[in-house]
Amino acid sequence: MITIIKDRIEWDHSLFSVGIEKIDDQHKVLVQLINSIQLKKNSKDKDFIEKIVNTLVVYVEKHFHDEEQIMQNMGFPGLGKHKEKHGKFDQIAREFAQKFSQPGDQAVVLEQLVAYLKKWLISHILVEDKAYKDYLFRKLD
Ligand code: FEA
């Protein structure tokens, strides 16, 4: 599993797909945004990086909303717990964005942010998001 994390995350459909095209497409956008931050990590272009970080924060909110709607429509019993995880992530991502926009050692903040985002996204998709996929597939069986 770790082999997919070199410097960037590589989308592996057989591993990451949750079986819902709209959500897979959104996850791919999140992967691209995280890879863009990773790529620009050492750049001095703080405004550009800040823009990507803020785009990610906004996009992830939309993604969580759409995903929660889908889970609700399928009657997924784990929705409450899943929502809590989304809320926690949202809060931490906003804290990072806030920290990054303030004076200080941005390189360190960015390093921590990228590490956190990569770890979180991969484990969340593979464990939490896959749980509603399994539920849906069992239901359709
Ligand atoms: Fe449950 Fe989807 O959320 N993937 N992310 N982030």
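What follows is a short chat about reading the helices and the ligand site of this predicted model.

Reader: Let's start simple. How many helices and strands does the protein have?

Author: You count the elements, then read their order along the chain. Here there are 5 helices and 0 strands, so from the N terminus the pattern is just α-α-α-α-α.

Reader: And what does the radius of gyration tell me about a protein with 141 residues?

Author: You hold it up against what a compact globule with that many residues would have. For 141 residues that would be near 14 Å, and the protein has 16 Å, which agrees. For the outline, the C-alpha atoms fill a box of roughly 50 × 30 × 20 Å along the principal axes.

Reader: Okay, helix packing. At what angle do H2 and H3 pack?

Author: Look at the angle between the two axes and the gap separating them. H2 and H3 pack at about 160 degrees, with axes 10 Å apart. Angles over 145 degrees count as roughly antiparallel, so that is how H2 runs relative to H3. As for handedness, their crossing is left-handed.

Reader: Which residues of H2 meet H3?

Author: On the H2 side you'll find Lys22, Ile23, Gln26, Val29, Leu30, Leu33, Ser36 and Ile37. Their partners in H3 include Ile49, Ile52, Val53, Leu56, Tyr59 and Ile70. Sorting a contact by class tells you what it is made of: this one has 12 nonpolar, 4 polar and 3 charged residues.

Reader: How do H3 and H4 pack?

Author: Read that pair with the angle and the axis gap again. The angle is about 170 degrees and the axes lie 10 Å apart, which makes H3 roughly antiparallel to H4. Among the H3 residues in the contact are Val53, Val57, Val60 and Phe64, while H4 brings residues including Leu79, His86, Ala93 and Phe100. By class, the contact of H3 with H4 has 9 nonpolar, 5 polar and 6 charged residues.

Reader: Where does H5 come in, say relative to H2? At what angle do their axes cross?

Author: H2 covers residues 21–39 and H5 covers 106–140; their axes come within 10 Å and cross at roughly 160 degrees. That makes H2 roughly antiparallel to H5, and H2 passes H5 in a left-handed crossing. The contact is made by His27, Leu30, Ile34, Ile37 and Gln38 of H2, with Val114, Leu117, Lys118, Leu121 and Ile125 of H5. Those residues divide into 7 nonpolar, 2 polar and 1 charged.

Reader: Now the part I care about at the bench. Which residues are closest to the ligand?

Author: For a ligand, you list the surrounding shell and then pick out the closest members. This shell has 13 residues, and the closest are Glu67, Leu121, His124, Ile125 and Asp129. Leu121 and Ile125 also turn up in the contact of H5 with H2, and Glu67 is on the H3 side of the contact with H2.

Reader: Which elements build that shell?

Author: Those giving two or more residues are H2, H3 (46–73), H4 (79–101) and H5. The largest share, 5 residues, comes from H5.

Reader: And how does the shell around the ligand divide by class?

Author: Into 5 nonpolar, 5 polar and 3 charged residues.

Key. Residues numbered from 1 in each chain as written. Predicted model: local features only at pLDDT ≥ 70, side-chain atom pairs only at ≥ 80, totals over all residues. Axes fitted to C-alpha atoms, helices over the stretch in contact; angles between N-to-C directions. Helix = DSSP H or I, 4+ residues; strand = E, 2+ residues; numbered from the N terminus. Parallel < 35°, antiparallel > 145°, perpendicular 65-115°, else oblique. Left-handed = near helix turned anticlockwise from the far one by under 90°. Contact = placed C-beta atoms within 7 Å. Nonpolar A, V, L, I, M, F, W, Y, C, P; charged D, E, K, R; others polar. Near = placed C-beta within 6 Å. Rg over C-alpha atoms; globule rule 2.2 N^0.38 Å.
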